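Me: Hi! Could you walk me through this structure with me? I'd like to hear about its pockets, cavities and charged contacts.

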Amino acid sequence: MIMTMKHSVSEQEWHARVELAAAYRLVALYGWDDLIFTHISMRVPGTENEFLINPYGMMFHEITASSLIKVDQQCNKLHDSEYPVNPAGFNIHSCIHMAREDAHCVIHTHSLNGTAVSANKDGLLPISQQAVVVHSGLSYHDYEGIALNPAEQSRLVNDLGNNHFLMLRNHGLLTVGSTVADAFLFMYIFEAACAVQTRTTQNTEHLVQVPKVIVDGIKGQTEIATKGLGGAIAWPALLRLLDSKSPGYDQ
């Protein structure tokens with residue numbers, strides 16, 4: 001049994017742990033998890049090179065605020081835990097956190113829809129409202145094998161640039177947010193866009209693509225639609241959903 005860490009960390013870190021554990025549970029609830037693989041990472045508030053990440057070996061629906069492991073930039077554990085961490089997975093996350101001050105949360109998935117579209121030569125097509133939102137800040141990164149090579153980090157960071165959506169070719173999806181709520185909402189939209197595309201014919205001649213002028217203006221429209229709150233507009237409702245479907249994440 002994992003002992004609670006609520007009284008052994010700062011109030012800010014505990015809040016971050018609860019938010020991150022909720023994101024793991026939501027990813028599992030929506031079926032985007034891949035057994036114990038992939039990661040969601042978060043910078044510990046008030047630090048530059050301390051991060052929270054999942055214990056390697058736990059399913060996403062099992063993760064709690066106290067089971068999350070705090071690591072440094074090299075993925076060394078900063079407190080005792082019976083679980084290991086997966087340095088290979090954090091290879092992707094750490095470079096993004098360090099390169100982007102706004103990258104407080106990074107979500108990476110291997111969902112079937114996302115991986116299928118990542119293997120499409122044309123990538124994500126602007127054929128749905130969700131896809132148009134993603135196109136307001138979308139980058140691509142070519143597959144280089146399992147993320148074990150530190151030299152890949154600079155190329156990944158360069159490909160991401162200042163965008164919030166990254167399609168990892170032949171691999172999956174990645175989103176970056178200044179909050180857990182933002183990163184999760186970005187992933188929800190990204191996954192939905194890929195799901196729509198996989199349900200259409202792959203013959204692009206039969207698809208109606210959104211005109212570029214609309215794509216170019218969608219960012220401002222999105223800010224209006226979310227009342228400038230970003231992911232925070234949906235986050236309270238998502239937490240209520242978790243309380244009913246997957247309680248205990250905040251332990």
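**Cavity, pockets and salt bridges**

Reply: Happy to, and let's begin with the largest cavity: by class, its lining has five nonpolar, three polar and four charged residues. Keep in mind that this is a predicted model.

Me: How much space lies in the largest cavity?
Reply: About 60 Å³.

Me: How many cavities of 30 Å³ or more does a search of the whole structure find?
Reply: The search turns up one.

Me: And which residues line the largest cavity?
Reply: The lining is made up of I92, H141, D142, Y143, E144, G145, A147, E152, L156, L168, R169 and H171.

Me: OK, switching to pockets. How much space is in the largest pocket?
Reply: The largest pocket holds about 420 Å³ of space. It is lined by 21 residues, and those closest to its centre are H164, F186, K219, T222 and E223.

Me: Which helix gives the largest share of that lining?
Reply: That's α6, with four residues. Both α6 (180-198) and α7 (212-225) supply at least two lining residues each.

Me: What about the chemistry, how do the lining residues of the largest pocket divide?
Reply: You get six nonpolar, twelve polar and three charged residues there.

Me: Now the second largest pocket, how much space lies in that one?
Reply: About 290 Å³. Its lining has 16 residues, with H108, H110, I146, A147 and H171 nearest the centre. You'll recognise A147 and H171, since they also line the largest cavity.

Me: Nice. Which helix contributes the largest share to the lining of the second largest pocket?
Reply: Helix α2 (residues 87-99) does, with three residues.

Me: How many nonpolar, polar and charged residues are in that lining?
Reply: Seven are nonpolar and nine are polar, with no charged residues in the lining of the second largest pocket.

Me: Changing topic: how many salt bridges does the structure hold?
Reply: Five. Three residues, E13, R17 and K70, are linked in a network of them.

Me: Tell me about the R17 part. How far apart are the closest N and O atoms of R17 and E13?
Reply: They are 3.0 Å apart. R17 and E13 both sit in helix α1, four residues apart, or about one turn of the helix.

Me: Are R17 and E13 buried or exposed?
Reply: R17 and E13 are both buried.

Me: And where does K70 come in?
Reply: The K70 side chain meets that of E13 in a salt bridge, at 3.0 Å from N to O. K70 is in strand β3 (residues 69-72) while E13 is in helix α1, so this pair ties together parts that are 57 residues apart in sequence. K70 and E13 are both buried.

Me: What about D102 and R100?
Reply: Their side chains meet in a salt bridge too, at 2.8 Å from N to O. D102 has a relative accessible area of 27%, so it counts as partly exposed. R100 counts as buried because its relative accessibility is 7%, and the cut-off for buried is under 20%.

Me: Last one, the surface. Which residues form a nonpolar patch there?
Reply: L29, Y30 and Y188 do, and together they have about 260 Å² of accessible area.

Me: Where is the place of Y30?
Reply: Y30 is in the loop between α1 (11-29) and β1 (40-43). With a relative accessible area of 34%, Y30 is partly exposed.

Notes: Residues are numbered from 1 along each chain as its sequence is written. This is a predicted model: local features need pLDDT of at least 70, side-chain atom pairs count only at pLDDT 80 or more; totals for chains, interfaces and linings use all residues. Side-chain values use heavy atoms; hydrogens and water are left out. On a 1 Å grid over the protein atoms alone, a cavity is a set of points where a 1.4 Å probe fits but cannot get out, and a pocket is an open set with protein on both sides within 12 Å along at least five of seven lines; lining residues have an atom within 4 Å of a point. Grid points are joined across faces, edges and corners, and a volume is the space filled by probe spheres set on the points. Ala, Val, Leu, Ile, Met, Phe, Trp, Tyr, Cys and Pro count as nonpolar, Asp, Glu, Lys and Arg as charged, and the others, Gly among them, as polar. Patches are made of residues with over 30% relative accessible area and no salt bridge: like charges are joined within 9 Å, nonpolar side chains (Val, Leu, Ile, Met, Phe, Trp, Tyr) within 5 Å. Accessible areas come from the Shrake-Rupley method with a 1.4 Å probe; for residues, only the protein chains shown count as cover. A salt bridge is a side-chain nitrogen of Lys or Arg within 4 Å of a carboxyl oxygen of Asp or Glu. Buried means under 20% relative accessible area, exposed over 50%, partly exposed in between (1.4 Å probe, protein chains only).
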